[in-house]
Number of protein chains: 2
Amino acid sequence: MSDTSQQAALRTVFFVSDGTGITAETFGHSVLTQFDVRVRQIRLPFIDSIEKAEEALRTINATCIADGQRAIVFSTLVKDELSDILRRSQGMYMDLIRTFIAPLEQEFGLKAMHTIGRSHTSTDSAEYKNRIEAINFSLAHDDGQSSKNLEEADVILVGVSRSGKTPTTLFLAMQYGIKAANYPLTPDDFERGKLPSSLLPYRDKMFGLSIAPERLSEIRNERLPGSKYAALANCRYEVNEAETMMKREGIRWMSSTTKSIEEIAATILQEIRSNGR
Amino acid sequence: MSDTSQQAALRTVFFVSDGTGITAETFGHSVLTQFDVRVRQIRLPFIDSIEKAEEALRTINATCIADGQRAIVFSTLVKDELSDILRRSQGMYMDLIRTFIAPLEQEFGLKAMHTIGRSHTSTDSAEYKNRIEAINFSLAHDDGQSSKNLEEADVILVGVSRSGKTPTTLFLAMQYGIKAANYPLTPDDFERGKLPSSLLPYRDKMFGLSIAPERLSEIRNERLPGSKYAALANCRYEVNEAETMMKREGIRWMSSTTKSIEEIAATILQEIRSNGR
C-alpha cells in the first residue's frame, strides 16, 4: 500500500463501523499492504442508525462515480439492517463480521448477538480499567521519575536515553494493560558500574532495550544537534557500557534499532509471559 | 465474550501472526464479542518460519486434545507455505488474509505480494515517524507543561483535571499520528473567567472534554481520597464552570463519561478532519 507511487490509479478505501472503526482500519491496512496500490482512506465511524448508513451509502456511491471505479469498503457493521444498506453500494463490500460470524455460529451452536458496541472499548470492563490504570502507571514511572510502587510493575524497561523505552511502555499499557516503568541507564550508572539502586530489588522484572549507536546518534541529533550527548563516539560508549552492564547483570534485552514499538512490545510481552509472570 | 461466566465450556482462541499479532487479536476480539462464550486467549506472534509454524501447529493440536474441543484460530499469516501448515490443525482455522486477498486480487487485477512485515509498523515509513513524533509531542505538551510549538499541534484538548485528556492525547498520537496537546482548566482559570492566555491564539484548535461530576468525583477519590479536590460539590463546581467557559468561548466539546479513549479519539478525529484540518 502506498500513498505516493505514480503508476496505478488511486483507489478510495472506506472503513465503515458502528464504533470507532479501528478494527476495520487495522485489518484493512494489513490486507492492503499486500498490494502495490495507491489508496485514499476515508473513515466512516459511528454508523449506528439507518439514517447514517444511508448517508454513508450516498457518500460511497458518489465517490465511486467521481473516481470512475469501485471503492473498497471494509465494514465491521454488526447489525444486519445496517450492513444490508451498505451492501447495496457500488463499492466492493468486504463484510468482516458476517464472513466470520456465520461459521462461528455453527461452531459454537450459538446465535451471534448482533449488538453494537460490545467491543474491547467498553468502559465498564475490568480490562478497560486495567488499561487506563496501566497508562497512568507508565506515565508516573516514565524516565525513572518515580521509584514508588515499583513492586506493582509488570516490567521495568531499562536502556540508554532515546532507545525507545517511553513509547514502548505507553504502547504496552494502552494495548495490553501492562504496567511498565522505564529507567534510563546513564553515564553516572556506567561510572559507578552499577544499576540504579532503586531497581535492584526488581531485577527479574527488568528488560533492556539497546540500539545501534549510529541510529541513536541520528535520533539524538534531531533533539540536540551537535551536542556531546548526540555525538557518535558518545553513543558508542553509552551503548557499549549499557550492553556490558545488562549482560553482567543477567538482564534480558533486545535491539530496538529496526523494530517498531508494536514489535518491541509484542516481543517483551512474549518474554515476560513465557517467564511465568 | 466473557472470561468469567460459568455456563459454557471454555474455548481456547489462538491469534497467529507472522508479525505482532495485533491485527489478528483486534479483529478476533471484535468478532468474539458477538458471542457469549468463555474464552482463553493465546497469542502466537512472529510465526515467520516453517519451524515456528510447525511448533504452533503442535501447540494448537495439543490444546484441542487437552480441551476436548476445537480451538478457534484467527490467523493473519501472509505466506501460503506457513498458513498451509496451520490450516491442517485440529482447530477451526479463520484465515483473515486469504479470505479477503483473493477477491481483492481479482478487483485490482494484481497479485498480492505475500511478503511478511509490510504492515503499518514499518519503521521506515513516514507514517511511523509521524506517530513517534506525535507521541513525543503529546508527552511534552501533557497537562499544560509546555506552551512551546503549540502552532504545531493538530488539536489542543482542554477540560478539568481527570476528565480523560492525557490518555486521549496519547491514543490520538499512537493510533493516528495526531499531535495533541492538553491543558487543564483549573479553579484559577474559572476565577479569572478566562482561558489560559497561552491558548488564546489557538482557539480554533481547541476541543473540550467534560465529564459527569459524579463520575469525576469517583475518579478523583481513587487518586486523592476524601480531598476537597475529589468532593462532589467541588467537582460539580468545576464541571459547571468549565462547560460555561467552553460554551462562552465557542469551543466544541463532548462528554467523556461513558466513552472509551478509543471512542473519544475517533470522535475528535472526525471533528477536526471535518473542520478541514
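## A walk through a two-chain model

Leaving aside neighbours within four places in sequence, Ser161(A) is in contact with Leu185(A), Leu216(A), Arg220(A) and Tyr229(A). Select Ser161(A) to begin, and keep in mind that this is a predicted model.

**Stop 1: around Ser161(A).** You are in the loop of chain A between strand S5 (155-159) and helix H6 (165-176). Show the surface and you will find Ser161(A) partly exposed, with a relative accessible area of 24%. Now widen the selection: an unreviewed UniProt entry lists Gly159(A), Val160(A), Ser161(A), Arg162(A), Ser163(A), Gly164(A), Lys165(A) and Thr166(A) under "binding site".

**Stop 2: Thr166(A).** Stay with that UniProt list and pick Thr166(A). This residue sits in helix H6 of chain A. Is Thr166(A) buried or exposed? Its relative accessibility is 17%, so Thr166(A) counts as buried, the cut-off being under 20%. Beyond four places in sequence, Thr166(A) touches Asp142(A) and Asn182(A), along with Leu139(B) from the other chain. Display the side chains of Thr166(A) and Asp142(A) to see the polar contact of 2.7 Å that joins them.

**Stop 3: where the chains meet.** Colour the two chains separately. How many residues of chain A are in contact with chain B? There are 73, and they meet 73 residues of chain B. The area buried between the chains is about 6,700 Å², with carbon and sulfur atoms giving 68% of it. On the chain A side, select Gln34(A), Phe35(A) and Phe100(A): these lose the most area to chain B, together 11% of what that side buries. The copies meet through the same surface, because 100% of the interface residues of chain A are also interface residues in chain B.

**Stop 4: the axis.** A turn of 180° and a shift of 0.0 Å along the axis lay chain A on chain B with an RMSD of 0.0 Å. That is the relation of a two-fold axis. To find the axis from chain A, go to Phe27(A), whose C-alpha is the nearest to it in that chain, at 3.4 Å.

**Stop 5: the nonpolar cores.** In soluble globular proteins, nonpolar side chains tend to be buried together. Here the largest nonpolar core has 53 residues, and those with the most contacts inside it are Val155, Tyr176 and Ile268 of both chains, that is, Val155(A), Tyr176(A), Ile268(A), Val155(B), Tyr176(B) and Ile268(B). Apart from that core lies another, of 42 residues, among them Phe15(B), Val78(B), Met94(B) and Phe108(B). Then zoom in on Val155(B): its contacts beyond four places in sequence include Leu172(B), Ile178(B), Phe207(B), Ile268(B) and Ile272(B).

**Stop 6: Ser83(A).** Back in chain A, look for helix H3 (residues 80-87), which holds Ser83(A). With 1% relative accessibility, Ser83(A) counts as buried. Not counting residues up to four places away, Ser83(A) touches Leu77(A), Tyr93(A), Asp95(A) and Arg98(A). Try a distance label too: the C-alpha atoms of Ser83(A) and Gly28(A) are separated by 17 Å, and these residues lie 55 apart along the chain.

**Stop 7: Gln69(B).** Finish in chain B, in the loop between helix H2 (50-67) and strand S3 (72-75), where Gln69(B) is found. Gln69(B) is partly exposed, at 21% relative accessible area. Beyond four places in sequence, Gln69(B) is in contact with Ala9(B), Leu10(B), Arg11(B) and Cys64(B). Although Gln69(B) and Leu10(B) are 59 residues apart along the chain, their C-alpha atoms are separated by 9.2 Å. For a last look, show the side chains of Gln69(B) and Arg11(B), joined by a polar contact of 3.5 Å.

How values were computed. Residues are numbered from 1 along each chain as its sequence is written. Chains are lettered from A and ligands numbered from 1 in the order in which they are written. This is a predicted model: local features need pLDDT of at least 70, side-chain atom pairs count only at pLDDT 80 or more; totals for chains, interfaces and linings use all residues. Side-chain values use heavy atoms; hydrogens and water are left out. A nonpolar core is a set of buried Ala, Val, Leu, Ile, Met, Phe, Trp, Tyr and Cys residues joined through side-chain atoms within 4.5 Å. Buried means under 20% relative accessible area, exposed over 50%, partly exposed in between (1.4 Å probe, protein chains only). Contact means heavy atoms within 4.5 Å. Copies are superposed by least squares on the C-alpha atoms of residues with pLDDT of at least 70 in both. UniProt positions are given in the numbering used here, feature names are shortened, and annotations may be inferred rather than shown by experiment. Helices (H or I, at least four residues) and strands (E, at least two) are DSSP runs, numbered from the N terminus. A polar contact is a pair of N or O atoms within 3.5 Å; within protein, one must be able to donate a hydrogen and the other to accept it, and residues adjacent in sequence count only if both atoms are side-chain atoms. Buried area is the accessible area (1.4 Å probe) that two parts lose on being put together, summed over both.
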